[in-house]
Amino acid sequence: MATSMDRPFLYSEAERRRRDASPWTLVQGVLAPLQFAVFLVSLALVLRTLATGEGVALANASVVAKTLALYAIMVTGSLWEKAVFGRYLFAPAFFWEDAVSMLVLALHTAYLVALATGALGTAGLMLLALAAYAAYLVNAGQFLLKLRAARSQAPAYAVGVVP
């Protein structure tokens with residue numbers, strides 16, 4: 001199985017052109033910082049609820065909002081990946097990011113299920129949210145590293161160094 005480790009560059013010339021032409025690139029650029037802002041607010045609310053027992057409804061609502069933002073970025077990210085790489089998920093250049101994204105999705109979805117079914121009490125829900133958020137931070141870091149790699153690759157194409 002090919003992964004991003006098998007590629008000398010993140011994007012081929014054709015993939016870079018498709019990336020730059022795709023409207024999903026802008027959508028991802030807007031949704032990613034929006035999701036991060038929702039995450040920061042929610043994290044504060046979850047920690048407050050864990051520390052004081054207050055604001056349970058608001059903390060739960062914030063985790064639901066964060067999860068909806070995650071679903072939006074995952075759906076549009078899959079559309080972006082299809083437009084750029086020809087597959088919805090697990091393109092070699094983003095294999096590990098997508099793999100960790102599946103864990104992030106699973107944890108956020110588990111939160112929604114636990115909230116809807118009453119399977120966990122408040123503390124359990126808040127701890128599950130923190131686990132989901134820890135996985136999200138790892139995943140966000142992966143994507144930030146890819147963004148940095150893409151930016152460092154761009155000059156090579158601009159001066160014709162890369163075939």
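Select Ala 106 to begin: its relative accessibility is 44%, so this residue counts as partly exposed, the partly exposed class running between the cut-offs of 20% and 50%. The model on display is a predicted one. Ala 106 belongs to helix H4. Add Ala 132 to the selection and display the C-alpha atoms of the pair: they are 8.3 Å apart, although 26 residues separate Ala 106 from Ala 132 along the chain.

**Helices H3 and H4**

Next, select H4 (95-117) together with H3 (residues 56-85). The axes of H3 and H4 cross at roughly 145° and come within 10 Å. The crossing in which H3 passes H4 is left-handed. Show side chains at this contact. On the H3 side, the participants include Asn 60, Val 63, Thr 67, Leu 70, Met 74 and Glu 81; on the H4 side, they include Asp 98, Met 102, Leu 105, His 108, Tyr 111 and Leu 115. By residue class, the contact of H3 with H4 comprises 11 nonpolar, 5 polar and 3 charged residues.

Centre the view on Leu 70. Leaving aside residues up to four places away in sequence, Leu 70 touches Gln 35, Val 104, Leu 105 and His 108.

**The nonpolar cores**

Which residues have the most contacts inside the largest nonpolar core? Select Val 46, Val 63, Leu 70, Tyr 111 and Met 126 to see them; the core as a whole has 22 residues. In soluble globular proteins, nonpolar side chains tend to be buried together. Colour the helices H2 (23-52), H3, H4 and H5 (122-158) separately, as these are the elements that give two or more residues to this core. The most come from H5, which contributes 8 residues.

Then move to another core, which lies apart from that one and has 9 residues. Ala 91, Ala 93, Phe 94 and Ala 150 are among its members.

**Helices H1 and H3**

Finally, select H1 (residues 13-21) and return to H3. Their axes are 8 Å apart, and the two helices pack at an angle of about 140°. H1 and H3 are therefore oblique to each other, since only angles over 145 degrees count as roughly antiparallel. H1 passes H3 in a crossing that is right-handed. Display Glu 15, Arg 18 and Arg 19 from H1, which meet Trp 80, Ala 83, Val 84 and Phe 85 of H3. The residues of this contact fall into 4 nonpolar and 3 charged, with no polar ones.

Notes:
Residues numbered from 1 in each chain as written. Predicted model: local features only at pLDDT ≥ 70, side-chain atom pairs only at ≥ 80, totals over all residues. Heavy atoms only, no water. Axes fitted to C-alpha atoms, helices over the stretch in contact; angles between N-to-C directions. Helix = DSSP H or I, 4+ residues; strand = E, 2+ residues; numbered from the N terminus. Parallel < 35°, antiparallel > 145°, perpendicular 65-115°, else oblique. Left-handed = near helix turned anticlockwise from the far one by under 90°. Contact = heavy atoms within 4.5 Å. Nonpolar A, V, L, I, M, F, W, Y, C, P; charged D, E, K, R; others polar. Core = buried A, V, L, I, M, F, W, Y, C linked by side-chain atoms within 4.5 Å. Buried < 20%, exposed > 50% of the residue type's maximum accessible area, 1.4 Å probe, protein only.
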